[in-house]
Amino acid sequence: MPLKSVSDLFIHELSDTYSAEKQMTRSLPKLAKAATNPDLASAFETHLEETRGQVERLEQVAEACGVKLKRVKCAGMEGLVEETMSLVDEIEPGAVLDAALIGSAQKAEHYEIATYTSLCLLAKKLGYGEALPLLTATLEEEQATDAKLGVLAEAAQIEEATQA
Ligand SMILES: [Fe+2]
Ligand SMILES: [Fe+2]
């Protein structure tokens, strides 16, 4: 179905984000398992719980706006997850993989922050008053997660690889 109006765009973006969050609920347990630093593993576990709530929140948004979510696949998140998984395959567990996981997770969070910033703006313009606080709540969780990962990145013990 062609997207003709801002409201069509909103439904499309909402559905795309629903797919992105569902993909995150499948990838975050893998990141938690791959992490060596227990604080990093627990940050991923915490965000997994939040992400499950965000999936439900998107269903509430759709209901509040009286729209139906479409079946679409978020190719952006699919690519980010794929890149992360290839790093997990290529790097031995330890400080280097942890650094890679933090960087990858921050890329995903930034993607989500941009997504929810745009969804909030569209909801505001379309007068979806009930949806706005729901979308804002998720935006704030994504920002807090990004900040937490940033702190872990700073604290990470990254040893310089020495040339043999
Ligand atoms: Fe999310
Ligand atoms: Fe997130």
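How many nonpolar, polar and charged residues does the lining of the largest cavity have? Let's work towards that answer by way of the overall fold. This is a predicted model, in which local features need pLDDT of at least 70, side-chain atom pairs count only at pLDDT 80 or more, and totals for chains, interfaces and linings use all residues. Residues are numbered from 1 along each chain as its sequence is written, chains are lettered from A and ligands numbered from 1 in the order in which they are written, and side-chain values use heavy atoms, with hydrogens and water left out.

The chain has five helices and zero strands, where helices (H or I, at least four residues) and strands (E, at least two) are DSSP runs numbered from the N terminus. Read from the N terminus on, the elements run α-α-α-α-α. Along the principal axes, the C-alpha atoms fill a box of roughly 60 × 30 × 20 Å. Of the 164 residues in the chain, 43% are buried; buried means under 20% relative accessible area, exposed over 50%, and partly exposed in between, with a 1.4 Å probe and protein chains only.

Now to the metals. Donors here are N, O and S atoms within 2.8 Å of the metal (3.2 Å for Na, K and Ca), and water is not among the atoms, so sites may look incomplete. For the iron ion (ligand 1), the protein donors are Glu-21, giving OE twice, Gln-54 through OE1, and Glu-112 and Glu-142 through OE, at 2.1 to 2.3 Å. The spacing of these donor residues in sequence is E-x32-Q-x57-E-x29-E. Glu-112 sits in helix 4 (residues 95-126) and Glu-142 in helix 5 (residues 131-155), so this pair ties together parts that are 30 residues apart in sequence. Glu-112 and Glu-142 are both buried.

The iron ion (ligand 2) has as its protein donors His-47 (NE2), Glu-109 (OE, listed twice), Glu-112 (OE) and Glu-142 (OE), which lie 1.9 to 2.5 Å from it. Their pattern in sequence reads H-x61-E-x2-E-x29-E. Glu-112 bridges this iron ion (ligand 2) and the iron ion (ligand 1), and the two ions lie 3.2 Å apart. Distant parts of the chain are linked here by the pair of His-47, in helix 2 (residues 38-65), and Glu-112, in helix 4, which are 65 residues apart. His-47 and Glu-112 are both buried.

With the metal sites in place, we can return to the opening question. A cavity is a set of points, on a 1 Å grid over the protein atoms alone, where a 1.4 Å probe fits but cannot get out; a pocket is an open set with protein on both sides within 12 Å along at least five of seven lines, and lining residues have an atom within 4 Å of a point. Grid points are joined across faces, edges and corners, and a volume is the space filled by probe spheres set on the points. The whole structure has one cavity of 30 Å³ or more, and the largest cavity holds about 100 Å³ of space. Its lining includes Met-24, Leu-28, Met-77, Thr-84, Ala-108 and Glu-109. Helix 1 (6-34), helix 3 (75-90) and helix 4 each give two or more residues to that lining. By class, the lining has eight nonpolar, three polar and one charged residues, counting Ala, Val, Leu, Ile, Met, Phe, Trp, Tyr, Cys and Pro as nonpolar, Asp, Glu, Lys and Arg as charged, and the others, Gly among them, as polar. Glu-109 thus brings our two topics together, as a residue that lines the cavity and a donor of the iron ion (ligand 2).

The largest pocket contains about 200 Å³ of space. Among the residues lining this pocket are Tyr-18, Lys-22, Arg-26, Lys-70, Arg-71 and Lys-73. Its lining has three nonpolar, three polar and five charged residues.

Next comes the packing inside. In soluble globular proteins, nonpolar side chains tend to be buried together. A nonpolar core is a set of buried Ala, Val, Leu, Ile, Met, Phe, Trp, Tyr and Cys residues joined through side-chain atoms within 4.5 Å. The largest one has 24 residues, of which Leu-40, Phe-44, Met-77 and Leu-101 touch the most other members. Helices 1, 2, 3, 4 and 5 each give this core two or more residues, and helix 1 supplies the largest share, six residues.

Finally, the cysteines: the structure holds zero disulfides, a disulfide being a pair of cysteine sulfur atoms within 2.5 Å. For Cys-74, the nearest cysteine sulfur is that of Cys-120, 17 Å away. Cys-74 is buried, with a relative accessible area of 1%.
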